[in-house]
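User: I would like to go through this model and understand what stands behind the words used to describe it. Please set each value against its criterion as we go.

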Amino acid sequence: MNARAELPLHAPGTQVDKGYIGQSVPRENAKRLLQGRGSYIDDLRFPRLAHVVFFRSPHAHARIRKLDLAQAARQPGVIACFDGRAVAEYCTPWIAVLGHLKGIKSAPQHPIAIERACWQGEAVAAIVAESRAQGEDALAHVEAEWEELPALTDMRESLAGKYVIHPDLGDNVCFKRELVTEGFDAAWAKADIVVEESYKFGRHTGVTLEGRAILADYNAADHSLTVYHNTQAPHMMQDIFSRHLGIPEGNVRVVCKDVGGSFGIKVHVYADEMATAAISVMLRRPVKFVADRLESFLTDIHAREHEVTVRLACTKGGDIIGFDLDDLTAIGPYSVYPRTSGIEGNQVVNLTGGPYRHKHYRAKMHVVFTNKNLTCQYRAVGHPIAMALTEAIVDRAAAEIGLDPAEFRRRNLIPDDAYPYSEFPSGIKFERLSHHQCLDKLLALMDYKELRAEQAALRKQGIHRGIGLAAMIEVTNPSPAFYGVGGARISAQDGATLRLEPTGMLTVMCSVTEQGQGTDGIFAQIAASAVGVTLDKVRVITGDTGVTPYGGGTWASRGAGIGGEAVLQAGRALRSNMLDVAAAILSADKAELDIVGNEVVNKLTQEPKLSLAELGRIAYFRPDTLPPKFQSELTVTRHYTPRDYAFTFTNGIQASLVEVDPDTGFVKLLKHWCVEDCGTVINPMLVDEQIRGGVVQGIGAALFEECLYGPDGQLLNGNMADYLVPMCGEMPDIVVAHVETPTKQSALGAKGAGEAGTAGAPGAVMNAINDALAPLGARVTVQPATPERILEALGKV
Amino acid sequence: MKPPSFAYARPGSLAEAFDLLERHGEDAKVLAGGQSLIATLNMRLSSPAVLVDVTGIPGLAGIAAAKDKVRIGALTTHRAVERSAEIGATLPLLAQAARHIAHVAIRNVGTFGGSLAMADPAAEWPACCVALDAELVLASRAGERRVKARTFFRGLYETDLKPGELVTAVEIPVPGKDHRASFMELARRVGDYAIVGVAALARAGAGKSGKALTDVRLAYLGVGPTPMLATQAMAAAEGKPAADAAAAAQAALDRDLKPTADLHTSAAAKMHLARVLTGRALAALAA
Ligand SMILES: Cc1cc2nc3c(=O)[nH]c(=O)nc-3n(C[C@H](O)[C@H](O)[C@H](O)COP(=O)(O)OP(=O)(O)OC[C@H]3O[C@@H](n4cnc5c(N)ncnc54)[C@H](O)[C@@H]3O)c2cc1C
């Protein structure tokens, strides 16, 4: 990878305590993980541990005529076999709807299907065995008879109601939303130019290194359940296990071990995981389930799958008047609990046209049920769709008018001095964005003019290069407006507890979790900076409902912005308490003291006065030497909830340079740039790698990844050979740079960065391909843009 | 994805291996590098009772180059072929093809003989062996026999191997001095099995209008149930200068190849891509 174009310096005016913030310090847990000494769910060994495997429906839609588990139960090592009815006695079903998504509906979903399976891969029986291998052996002895039902795989047929998957719901529409701004028709009528195009976005999934895993350990002695779970949201899961299994919340503890990537895949309630927990209760012993790769493809949530038509109206001068959107998306047979599968489509409606200052908007969006695996929130939820269709149609408009795509964007991006901005037609509000600064920085970074000249010269030699731009906005740091207001018991608040240990070490406990992205590392940086200790003194504990404060966990680019602020505030408070102790020990004035480099120092002279180890020793072991009535408080907890805005939007812009081989349809990714503004950059190295990883997943969507289904609803490529995750061999250098516009809502000023790369990359790559194809009169509007689809666009096959 | 349980044997000689194969018959499966076989076990696509690991048998690995023939032992790894100076000098087609096989970690373990026995129609070695007119050495209790690569591959994952028989080596005639080789393939990602590939070989000599190609050999992967020797296209290109040879071969290719679609690519697109690669490979041979 390239050297960074520019070291992001600490943003002027940020209210953070200096120290490590803004520094690329290596994270503490990297060594452990890289040496293979991480500890994952599958590493856990418990006495009497049982393993559960699932007998899954081979059909996309079928009634279970007969399910005979007797033979399976007799196989070596088998402990018990259960069908859906048996498990339902211990775990109540769920219906994933949210109050603020008006009209959203879904059907009750059980941990194990009862009577009917609605997608290929849905669990219909569980076999518990002494080992996973024995369980798999026994699967072959399950006797099932099926009555196949018509499988709905096409979303248009679903919308048209060819069959109704859940007859009680009346139709196949899970959720729909329509929106039109006042005066839309009149404004639209005045347009000089209207461009229209339709796009298709394939279904894909987030392939995590570590599969979904859960080890549930029910203890009948005290009616308690400890769940080791690689979830992103331990407190949410604590609440859900408690309510659906009928165990008091206080008796349920959720512990995350190391988590091998999540990307949103692990923030949902999975039927087979609920079944595992229920079976632990039923058998009164620890039970483990680890999804293997084949199960992951069949049951980890999928994402995207949209068919969209979008229109853009503008003046002949190139000013955008408005957007008109019609989005159709399919989610499988159930809305996913508890976040629902309506959010992605809702986001597309909210975010379309996002970077621009048009005033008019009309949108129509339908979310429909199909007999494929469930879809739900995956990294950048809705953004890749909204950004790609916006940026593709913007390029069409620019071409129509004859304006350079960069120039067209400059004309229409919301001006940097227009904030706070509440005129965006979908109703979302922006605190402060930096579109123009980002655009300028990007064009300079990539040497846009020079690249265009080179492109023109190469075209004469028959080399087809394309340059694609994609401006973007991103939802981060969500307030309770995301889920809480809709009735979901998902915390929008997070908390941090900081404790000074007697040796002067600092322990940080935070409700945001670590999935491999480095959250623990930045919490250490913030805590060390706020308190005044060196990084080696800090230990971070996350992912344990029995230990950390209550909070939301990791999703929606919220860890740094929300959890980080809680750590900062707790750190400041602890520092103040530590200075109280120091003042008492030294009989000095607190105002004259400071903490720097693990020492209490004189604020003016920086002269060391007292080491923190000494402070800790006295506070904990010799408080008798302190003034009477003085009580030290060396553990502090603080919480933070963003309240001023529903979401703290970030912005950025990406560019992709590709070369298309018009004979083969192959696309070579030559380079990629991203300039983004996540507010305060806490650790440039981590942010850059978040961006790069996100870009790679976005490129996956644009070029490689697609869950292919046959007309009968069979997943055709559910393995790592046939489902093409993006790999390093094809990835370009990704140049990352930042503009820092800290949010004023918090002292830390950090916004989210985890999803920006994924949000913008598909649009940038699609635009680059189409720029390369333009002289050949072809356009691809389907993602992923496979060689076959490009050849089709070129009329060669 | 746990394999069904199996017994494991690691014979120290061919005779011992033959004993085991005879004793267990259909229940036994030969294990070489395991890079194809183990995956099929984990996915429960096959469930042999006994794996006979042949990697402990001495003398089955290694490359021996004679003047007109190169002998590659069945247990020679892909990586060993890739890195062999002798192969680079005598059979550049193999050297070019090797780096397209999977990833380094797999090439370090997977074997030449295993790839031929597996007979994946999209694999590189089978197509190369067909283009080079290689001969497989097969051994069993009954003794040794030799089969041309061009007849060894009989259908999808189907070969001329008989029960109890092992591939022990492959003998490849070294093409003449003025022969040139070109291996090309199109894969979505580095290391993937190719959508289509071609192993091309020809003598590039002086002709009336520039270099003419003679002894043209074109073997394709990924476009049929076996590696496909394109005899019609070869005949059409024979004796022509590169540009004409390419056009003629491309026009004739329909008669040689009847590709079927794979998950990501239609039959028509495969045919189109095979033509594109034909043109490029023949151009490279003449360059
Ligand atoms: C991720 C991945 C990507 C891959 N990509 C490619 C690719 O792009 N191109 C490619 O060509 N291959 C690819 N392969 C397969 C790889 O090349 C294997 O090494 C090869 O196909 C089989 O060789 P092996 O030694 O591993 O055989 P094994 O897996 O041990 O055996 C394969 C089969 O051959 C039989 N067999 C093996 N040796 C003998 C013998 N001496 N005599 C008789 N029968 C024998 C076995 O019984 C078995 O049926 C890939 C593999 C993986 C895991």
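Analyst: Let me begin with a single residue of this predicted model: at 35% relative accessibility, B:Asp19 counts as partly exposed, because the class lies between under 20% for buried and over 50% for exposed.

User: What makes the contact of B:Asp19 with B:Arg141 a salt bridge?

Analyst: The side chains of B:Arg141 and B:Asp19 meet at 2.5 Å, N to O, and the criterion asks for a side-chain nitrogen of Lys or Arg within 4 Å of a carboxyl oxygen of Asp or Glu, so the pair qualifies. B:Asp19 lies in helix 1 (residues 14-24) of chain B and B:Arg141 in the loop between strand 6 (135-140) and strand 7 (143-148) of that chain, so the salt bridge ties together parts that are 122 residues apart in sequence. B:Arg141, at 43% relative accessibility, counts as partly exposed.

User: How do you know that A:Asp319 and A:Arg357 form a salt bridge?

Analyst: Their side chains come to 3.9 Å, N to O, and the limit is within 4 Å, so this pair also counts as a salt bridge. A:Asp319 is in the loop between strand 13 (302-314) and strand 14 (320-330) of chain A, while A:Arg357 is in the loop between helix 10 (343-351) and strand 15 (360-368) of chain A, so parts 38 residues apart in sequence are tied together. A:Asp319, at 27% relative accessibility, counts as partly exposed, and A:Arg357, at 34%, counts as partly exposed as well.

User: Are A:Asp594 and A:Arg575 buried or exposed, and what does their pairing tie together?

Analyst: A:Asp594 and A:Arg575 are both buried, the term for under 20% relative accessible area. Their side chains meet in a salt bridge at 2.6 Å, N to O. Since A:Asp594 lies in strand 20 of chain A and A:Arg575 in helix 16 of chain A, the pair ties together parts that are 19 residues apart in sequence. Over all chains, a search of the whole structure finds 77 salt bridges.

User: Why are strand 20 and strand 22 of chain A said to stand at the edges?

Analyst: Three strands of chain A form an open sheet in the order 20-21-22, with antiparallel pairing. Strand 20 (593-596) and strand 22 (608-611) each have a single partner strand, so one side of each is left without a neighbour in the sheet. From one strand to the next, the twist averages 30°.

User: How do you know that strand 20 and strand 21 of chain A are paired?

Analyst: Four bridges join strand 20 to strand 21 (residues 599-602) of chain A, and the two run antiparallel; pairing requires at least two bridges, so the criterion is met. One of the residues concerned is A:Val596, whose bridge partner in strand 21 of chain A is A:Glu599.

User: Which helices lie across these strands?

Analyst: Helix 16 (residues 559-586) of chain A lies across strand 20, strand 21 and strand 22 of chain A, running at about 120° to strand 20. Helix 17 (residues 612-621) of chain A also lies across strand 20, strand 21 and strand 22, and runs at about 50° to strand 22.

User: What makes the approach of B:Glu124 to the ligand a polar contact?

Analyst: A nitrogen atom of the ligand is 2.6 Å from an N or O atom in the side chain of B:Glu124, and the limit for a pair of N or O atoms is within 3.5 Å, so the term applies. B:Glu124 is also among the residues that come nearest, of the 29 around the ligand.

Conventions
Residues numbered from 1 in each chain as written. Chains lettered and ligands numbered in written order. Predicted model: local features only at pLDDT ≥ 70, side-chain atom pairs only at ≥ 80, totals over all residues. Heavy atoms only, no water. Axes fitted to C-alpha atoms, helices over the stretch in contact; angles between N-to-C directions. Contact = heavy atoms within 4.5 Å. Buried < 20%, exposed > 50% of the residue type's maximum accessible area, 1.4 Å probe, protein only. Near = heavy atom within 4 Å. Polar contact = N/O pair within 3.5 Å; in protein donor to acceptor, adjacent residues only side chain to side chain.
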